[in-house]
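Me: I'd like a close look at one part of this model, please. Could you walk me through the spot asked about below and then its surroundings?
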Amino acid sequence: MEDKNLKKGLSRRDFLKAGGMSTLALTIGANGVLSLGSKALANNTDNPSSGFGGYGPLVPDPNRILDLPQGFHYKIISEEGNLLTNGRKIPGAFDGMAAFEGPNNTTILVRNHELGTSASNPVVGTNPYDPAAVGGTTALVVGPNREVINEYVTSSGTIRNCAGGATPWGTWLTCEETRSATHGYVFEVDPQKPEDEISKTPIIDMGRFSHEACAIDPATGYVYLTEDASPSYFYRFIPNDVSQKPGALQKGGKLYAAAIEEIHGPAASTFKTGQKFGVVWKELDPYFCREDADKHGCIKFKKLEGAFFQAGVFWFDDSSAGEKNLGRIYRYFPATNTLELFYEATDAQNMESPDNICMTPWGDLWFAEDGSGNDRLMGITPEGKIYPFASNRLSGSELAGPIFSPDGNTLFMNIQSPGKTFAIWGPFARSNSSRAREMSYAAPAKEFAPKVSDKLVEFAENQGMSILEAAAFKRHGLKI
């Protein structure tokens, strides 16, 4: 769709003000990819049958477990307290998951168990990292008929395995959401080599902190990580060995936290939707990473949660940030080293405490809520439209670990307690890699664009800086 204002000839000042973007961001971002994506999105109508904009209202579940849109179905494929293949009980506190392609048209799920040092249904393994800890991971081999063929422990002896991230080479990085002298690490789990030595070897250089989630840029092998603490920091790990194969991460590397260029210690609470900031990375001592991040003036977020990497962009969320404390979604662009606030919730009907996130095969971002009342699985389109996909009728227990099967035909998801793993299927939209790329470069919805005064734009032009730089300096005391 062509912008008539541009045909009339906007001044540079009007264009900057309308876009709310820095000169640098315009130079890098408006390179044809962004403009092409915007046009393609503008021509996409919200067609519920395609998934672009949702699948319509949720239908009450007669079993009062999980409400889904018309035409969708679920099956509970695993429940806490039932039996693993070896006869032991399935552990509790289901959390983050990954899905990998298995042999003979199977899907292999790896599932976290957010348990500490005691539990009625602990993870009982044969080769634990710490025998006194009862957290860990399990795996489910799911057949094409969505029946579990095998279910077994893949790692044990860890604490509060909350989220994590899948690697491009088919393993799972399980993250400990705790911080003690011997816990607070990331472990690599190979679902096809359960409880091997790698699964009990902490990746020390990836930091000792209250980990939440992580994701890997397949172009570089760099790992991006979130922290579930207050304040929390946004980390990057650069491995010594970027060969991207099992065990390479254990060879060490360097850990960094994100800071804003030329500004010391900004709080993310000052960010406005659509703003892009240049990021610098401060190297940290992995054992005292939080202390170092504070000393180096790194960005302080409120409480970071889920993470996902797709089409060149690292997405992550802050569960209680924003003016109404309902949550935010950020994205980081490694190619341009810029950070952007993509969406801030202002209405609990649209978002309340986003936690685990994933990208759909057709390019929308989905987030599981961990708020008050009945939590939902919600979608957000490249245009900023929010829609529900599922609602948990079991009040008091969060949704966790949404992830699609490699073929995109099945969504797997957990209810944490009492633990249940669901297989969900129906008329999902087909895989759409071009739309996924459009999501990565789409501008935030216009109604969330930052409002910039004429005075600030004039000051930025006179000083030869971008309006976002000027706005950042103004917030930190510079007189405009």
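In the loop between which two strands is Ala-311 found?

Reply: Happy to. Ala-311 sits in the loop that links E16 to E17. Before going further, a word on the source: this is a predicted model, where local features need pLDDT of at least 70, side-chain atom pairs count only at pLDDT 80 or more, and totals for chains, interfaces and linings use all residues. Residues are numbered from 1 along each chain as its sequence is written, and side-chain values use heavy atoms, with hydrogens and water left out.

The backbone at Ala-311 has a positive phi of about 50 degrees, although Ala-311 is not a glycine. Its relative accessible area is 29%, so Ala-311 is partly exposed (buried means under 20%, exposed over 50%, partly exposed in between, with a 1.4 Å probe and protein chains only).

Now for the strands on either side. Strands here are DSSP runs of E with at least two residues, and helices are runs of H or I with at least four, both numbered from the N terminus. E16 covers 304-310 and is an edge strand, as is E11 (211-216), each pairing on one side only. E17 covers 313-318. Both E16 and E17 belong to an open, antiparallel sheet of nine strands, ordered E11-E12-E13-E14-E15-E19-E18-E17-E16; two strands pair if DSSP finds at least two bridges between them. From one strand to the next, the twist averages 30 degrees. In general, strands of a sheet pair through backbone hydrogen bonds, either parallel or antiparallel.

At the other edge, E11 is joined to E12 (223-227) by four bridges, and Cys-214 has Leu-225 in E12 as its bridge partner. Following E12 is the loop to E13 (235-239), which holds Pro-231; the peptide bond from Ser-230 to Pro-231 is cis, with omega near -5 degrees.

Back on the Ala-311 side, helix H6 (433-441) lies across E16, E17, E18 (328-333) and E19 (338-344), running at about 100 degrees to E18. That angle is taken between N-to-C directions on a scale from 0 to 180 degrees, using lines fitted to C-alpha atoms, for helices over the stretch in contact; contact means heavy atoms within 4.5 Å.

Finally, a positive phi also turns up at Arg-64, near 55 degrees. Arg-64 lies in the loop between E1 (58-59) and E2 (66-69), and its relative accessibility of 54% makes Arg-64 count as exposed.
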